[in-house]
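Q: Please take a close look at a single part of the structure shown here. I would like one connected account of that part and of its surroundings.

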Amino acid sequence: MNDRPMKPIERADFGKTAADYGTHRAGFPASLFTRLKEWQIGTGDQTIVDLGTGTGTLARGFAQNHNRVIGIDPAPAMLAQACKIDAAEGIRIDYLCASAEQTSLPGDYADVVSAGQCWHWFDRARATEEVSRILVPGGSVLIAHYDWIPQPGNLVRETEKLIEAHNPAWRGGNSMGLHPAWLRDLGEAGFQRIETFSYDEPAVYTAEGWRGRVRASAGIAASLDDAAVRRFDHDLKQVMERRFADEVLRVPHRVFAVRAVCN
């Protein structure tokens, strides 16, 4: 993902990617939830609403730490995949099929509202209004990312080059995994005590897992037809067999988080 405000690809449909997303995409690392407790986020016995929850990767980390979690997403297929993962792991999360801009939740409802890997897909002005409405006074909003990091010649950058070749509309490459625009969004909406942190922690993939993770991305299965996805996957497999044949791939990733407090 890009660290500048990104215009989303038109008609990206993450419902098409749900199976790969749930199976292959690395969730947020456990270290993030430890760090968030320093901000009094996810400490247990909190009500947390996770916007754009997808397959529940951020929501599940909060639920594992004994918080009540409500995941919200507009894609039924993603929520169905989230429920399957929760059942397999013995975790309880409530889900609503709704948008970040209109959650249908009552006002002054949540101690924390989170958004992982998804803020750029929202109508951000409307989303901040909704976050303000459903947060209790003094509650926190969290925007978190766990982004792959391209470097010259590494697996990430070579993968991005293939995405760009197969889908010229994709503009998510060459990110540094930092998102300063989100601070402006929150500040202009009247949130206070804005803080950030970032650190690097690689995600571990097999070759098959990396191919599945990339297929699940906005630039591939969420926006290309099935035949185009197969052509891309074939080309990525060839590149990996030639240049990145390790059984275990430690793929560079960066955690970025911003927290702000509601008046």
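A: Two strands are said to pair if DSSP finds at least two bridges between them. Helices (H or I, at least four residues) and strands (E, at least two) are DSSP runs, numbered from the N terminus. The model is predicted: local features need pLDDT of at least 70, side-chain atom pairs count only at pLDDT 80 or more, and totals for chains, interfaces and linings use all residues. Residues are numbered from 1 along each chain as its sequence is written, and side-chain values use heavy atoms, with hydrogens and water left out.

The part chosen is strand β1, which covers residues 47–51. On one flank, β1 pairs with strand β4 (residues 110–116) in the parallel sense over 4 bridges. Within this pairing, D50 stands opposite S114, and L51 stands opposite A115. Strand β2 (residues 68–73) also runs parallel to β1, and 5 bridges join the two. Here the bridge partner of D50 is G71. In general, strands of a sheet pair through backbone hydrogen bonds, either parallel or antiparallel.

β1 and β2 also belong, with helix α3 (residues 57–64), to a right-handed β-α-β unit. Right-handed means that, with the strands pointing away from the viewer, the path from the first strand over the helix to the second runs clockwise.

The wider setting is an open sheet of 7 strands with mixed pairing, in the order β3-β2-β1-β4-β5-β9-β6. At its edges stand β3 (94–97) and β6 (192–200); each has a single partner strand, so one side of each lacks a neighbour in the sheet. From one strand to the next, the twist averages 20 degrees. Helix α5 (residues 124–134) packs on this sheet and touches β1, β4 and β5 (135–148); contact means heavy atoms within 4.5 Å. The direction of α5 makes about 135 degrees with that of β5, where axes are lines fitted to C-alpha atoms, for helices over the stretch in contact, and angles run from 0 to 180 degrees between N-to-C directions.

Is β1 buried or exposed? Buried means under 20% relative accessible area, exposed over 50%, and partly exposed in between (1.4 Å probe, protein chains only). In β1, 5 of the 5 residues are buried, so the strand is largely enclosed by the rest of the structure. Both faces are covered: T47, V49 and L51 are buried on one side, and I48 and D50 on the other. For the protein as a whole, 56% of the 263 residues count as buried.
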